[in-house]
Amino acid sequence: MEIVAAVASITQCLCGECCSSQSVSQQCSYLKRPKAAIKLLQQKAELLNAREADVRTKLDEEQMFRGMDPTAEVNLWLDKIQKMNRILASFEGEIQENKTCLCGCFPNYYNRLKLGKFVSKRIQEVDTLLEQSQFPGISLVNMLSEKGKTLPTTTLVGETAKIVLHRTWDYLMEINSEIIAIYGMGGVGKTSIIKEINNKLLAENTHFDHVIWVTASKDSNTEKLQKDIAKEIGLCFDDEDGETRRARKLFEALWRRRKFLLIIDDLWEAISLEEIGVPIRAGKLLISTRLLRVCRRMEAEREIEVDVLSPQEAWDLFKQKVGERVISSPRINDLAKKVAKECGGLPLALITVGRALRNENKIKYWQTALSELRNSTTSIEGMTNHVFARLRFSYDRLKDDVTRSCFLYCALYPEDHLIETEELINYWVWGGLFGKSGSLVDKMKMGEMVLNELTSTCMLEREGTTDYKYVKMHDLVRDMVIALTRENSTFMVKSGHGLRVPPMENDWPTDLERVSLMRNDLSSLCCEPNCPKLCTLLLQYNSFDKGILPSFFRHMPNLEVLDLSFTGIDHLPESVSHLESLHVLLLRSCWNLLCVPTLAKLKKLRVLDLTYTPIEQTPEGMDMLENLRHLGLSYTRVSSMSGSTFPLENYKFIESLSLIGLQLESSGGESSSLVDVLASCNTLVELELSFVCMRDFDRYITSGHWSLLENFKFLIGDPTSSVDTGKNSISFFGVDIYDTLGAVWLADKVNELAIRACPSITHLPAFITSSKLQHCRIQHCEQMEFVINVAEWSAFPELEWLEIDGLSKLSGFCNGIVRGGTLAGLEVLHIRACNSLTTLLPLELVKNLKNVVEIKIENCEKIEQVIEATEIIDVDIVLPALKILKLSCLPALKQISGGRMICDSLSSVEVYRCPGLTTLPFLVEITDEMINSLKEIRGGKRWWKAISRNHENATNRLHAVFEEVADDSFVGEDSEDDRSVCSDGSGSFPLSPR
């Protein structure tokens, strides 16, 4: 049978192919020396693969060096090679197999013939590809490389965005700015701004040879960013390339390009440029992000915040989207302005709402939209999917549940409310958001960290000039939060709604956990809500002059935080005495409160604040509050206290005491004084206390107890009114500071110092100050001639705020040449009613004021110049951080300085009743930076005309920001209003900057 098969194979080889166009001799040639043919094909294939590798190497070099892409012909040739390799690989097994018949006695001639034909054909194809591989170098790539990609944009609206664009552009042109970061809340227009920059750079032939744009997606990581950047520059990674090899390839490609700008939009986490493979020294990086912390962790040299639009800019954008024809209707115009205001200047919201209401002329739809926006229940088309979705994503990306819970708490405040940061952190701590255990100091630090997180993510906005004592929640962010809380019905927020009728029982769902009715017009609470899960109830800033139902709190067994501060209640409901889970009871500034029911059952109470109430006795059951941590009795009518009447020893966990204004028993009394009791309390970390005289204060200082405190506020003397000073502060009122003050002194812990009407000092005594001093106020010290005595003055690198008021004999800021670095950290300087002063600041001191942000000088009758003149010509005075300059009621003032001033951050200038001031040194050679930063110049019409005569070019450019105010100082006749503004302010100057 094997012989028959062999004969059949030969017959098939010769006869089965008889119809072929090839001759028998050609077919028989395929049967000769098959191994030699296969070897020849392998050799040619190896040569072809080597030629392919050479071409790819040249292509990579062209791509890396010049960013050039291969031509279509080259790509076609490379594709054919890949196809050939696949064909050869698929036949490899069949080529190598030596099939036989007759148990190996005879070759299988049919298979040999078939494989021979295959090998011959492939050799011809490989020869063809080898001939085509002779590309001239210039024909490998397209001659024109792509500099970048133009992106679709929308027109930027308002000066806010344009200023950010100009600042960003200027920073990109700076040599030393390698990483520039733009940050702001979602929907504020960051992407639109950097798209404009991208397109503008592509339209110009200078600055950058390559502009690379990538968007960091929500789930971006190192690998994805590497591949996105590579795609934009035409770089290919191999499948087996790991992170390090990809980074090396990217680094080489970008390094050889030089002069590139990499733009990364919407970055959520800081990235390692080294791990990505970005050679930042060969180019620049521009990022946009919602998170300030990303800017910091990326080590950006320039950080630019994109703020919301101003009211006028917001209205212009809204009109554009709604349509002028609709807005022209007087009935709709007023509603439209209110709707636009509810969008809070957020461009995304203005565009979304504007488009939804475009050409809508029915008033009821406008009324509905306004109502929904005000009540955070919007069904306006696009708001949920476009606006709230973006804001919700920012909320979801907060780092943990604790941070998210703290953020939700902020929604309990009214819309547009300035939230005091210290109060907010106290709520978080007292509400148990940081847990039940742990020290007060540690929890306050945690609160500050959370607050920084929320502001750096733009979920909260900082408010204030330098101290940022307040934060604010954007209207739409608050709407988003309230919408979140409605999903599970655990919050009821009706704060700041102007309510006069209180919620009824059916308005209080049983699953409520937090309720805010603060800042309304409620006169009573007359129902009995059943809220077994309720843990926080905020009722502050209501009159409640008709009282609260005695049983109102009966069905709130889990209530932990109750705030009735700033209400007109004269007594607490009896049901408060049964709130056995209560941790926090806040009754601050209840102006009619005379009686507090027994607190004996409130054994879990940790915080009791009765500050600024007229109570005359401490509540019954105080001795049972064994878990009390904080007690506030400052400015009450509680009579003198001593260790026998004040059971401080019962409070084993007490951490914070506020007792300002309470009369302490004299040390000569029969019972131990409160000072002795305090000195024995080792758990205290916060203490606010007043002393009648320096002798009592010295006695406490000598005890050394103050060294245990983290925060303190001490008042010595007799202040005429309540004093609002910050933490770690000491205030002296009408006492002789030198009297009995011992060598042991807590100066190194003092951050804030106030001295008022102390007759013995002629300058600020060095022994009561420290290098850590941040705020200092000196008022009505009649013998004070200088602030700084150069013989004993330290540099005070951390002093940020200095106020001087009513020093009638003050003749100069210092009595000699100050040492270098003095007041280098000063940010705010206020001078008022110093009527012997002719020159305020010596030039040597001004050179140190690189961080000063605000200068206000008022009511100084003899001052002629702010900065002393110098004989040196062409001396420039540079105040790079100065933003606010106010000069008021300075009749003798002739000049600010003799030389030119450079103040590129200046945003507000106000000059009132300074008739001799007809030049401004920062307008001599005005810079573009100051033109962009200056938002307002306020002054009298005649004064501005005088300035215009001396600075015509500058005033022409600044005319739009000038605002005229009434000022008849050029006439010389004071109106009644003017005299009130320019009074000496005796006794009226605030004791605290905050």
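Let's start with α19 and α20. α19 passes α20 in a right-handed crossing. The contact is built from C406, Y409 and C410 on the α19 side. On the α20 side, L424, Y427 and W428 take part. By class, that contact has six nonpolar residues, no polar ones and no charged ones.

Now the geometry. Helix α19 covers residues 401–410, and helix α20 covers residues 421–430. They pack at an angle of about 125 degrees, and their axes are 11 Å apart. α19 and α20 are therefore oblique to each other.

A word of caution here. This is a predicted model. The protein chain averages a pLDDT of 80, and 83% of the residues score at least 70. Over residues 1–21, though, the pLDDT is below 50. That stretch has 23 contacts in the model beyond near neighbours in sequence. Residues 666–672 also stay under 50 in pLDDT. For residues 666–672 the model has 11 contacts beyond four places in sequence. Where pLDDT is low, the predicted coordinates should not be read in detail.

Back to α20. What does α20 meet in α21? T421, L424, I425, N426, W428 and V429 of α20 make the contact. Their counterparts in α21 are L440, K443, M444, G447, E448, V450, L451 and L454. By class, the residues of this contact divide into nine nonpolar, three polar and two charged. Note L424 and W428. Both are in the α21 contact, and both are in the α19 contact.

Helix α21 spans residues 440–456. The axes of α20 and α21 come within 9 Å and cross at roughly 120 degrees. α20 and α21 are therefore oblique to each other. Their crossing is right-handed.

There is a sheet in this part of the chain. β8, β10 and β9 form an open sheet of three strands, in that order, with antiparallel pairing. Which strands are at the edges? β8, residues 419–420, and β9, residues 461–463, each pair on one side only. β8 pairs with strand β10, residues 470–472, over two bridges. The sense is antiparallel. In that pairing, I419 stands opposite V471.

Next, the five-stranded sheet. This one is open too, and its pairing is parallel. The strand order is β4-β5-β6-β3-β7. Why do β4 and β7 each have a side without a neighbour? β4 (210–215) and β7 (302–305) stand at the edges with a single partner strand each, so one side of each is left without a neighbour in the sheet. Neighbouring strands of this sheet are turned by 15 degrees against each other on average, direction ignored.

Look at the β4 edge. Six bridges join β4 to strand β5, residues 260–265, and the two run parallel. H210 has F260 in β5 as its bridge partner.

Two helices to point out on this sheet. α9 packs on the sheet and touches β4 and β5. The direction of α9 makes about 140 degrees with that of β4. Then there is helix α7, residues 158–173. α7 lies across β3 (179–183), β5, β6 (283–289) and β7. Against β7, α7 runs at about 170 degrees.

α9 has a helix partner as well. Helix α9, residues 222–233, and helix α10, residues 243–257, have axes that come within 10 Å. The axes cross at roughly 35 degrees, and the crossing is left-handed. From α9, the residues involved are T222, E223, Q226, I229, A230 and I233. They meet E243, R246, A247, L250, A253, L254 and R257 in α10. How do the contact residues of α9 with α10 divide by class? Seven are nonpolar, two are polar and four are charged. Set that beside the contact of α19 with α20, which has no charged residues.

Last stop, V961. Where does V961 lie? V961 sits in the loop between α28 (952–958) and β38 (962–964). V961 and K935 are 26 residues apart in sequence. In space, C-alpha to C-alpha, they are 5.9 Å apart. Leaving aside neighbours within four places in sequence, V961 is in contact with L934, K935, E936 and I937.

To recap for the bench. L424 and W428 of α20 take part in the contacts with α19 and with α21. α9 touches β4 and β5, and α9 also meets α10. And for residues 1–21, remember that the pLDDT is below 50.

Methods. Residues are numbered from 1 along each chain as its sequence is written. This is a predicted model: local features need pLDDT of at least 70, side-chain atom pairs count only at pLDDT 80 or more; totals for chains, interfaces and linings use all residues. Side-chain values use heavy atoms; hydrogens and water are left out. Axes are lines fitted to C-alpha atoms, for helices over the stretch in contact, and angles run from 0 to 180 degrees between N-to-C directions. Helices (H or I, at least four residues) and strands (E, at least two) are DSSP runs, numbered from the N terminus. Angles under 35 degrees count as roughly parallel, over 145 as roughly antiparallel, 65 to 115 as roughly perpendicular and the rest as oblique. A crossing is left-handed if the near helix is turned anticlockwise from the far one by less than a right angle, and right-handed if clockwise. Contact means heavy atoms within 4.5 Å. Ala, Val, Leu, Ile, Met, Phe, Trp, Tyr, Cys and Pro count as nonpolar, Asp, Glu, Lys and Arg as charged, and the others, Gly among them, as polar. pLDDT is the predictor's confidence in each residue, from 0 to 100. Two strands pair if DSSP finds at least two bridges between them.
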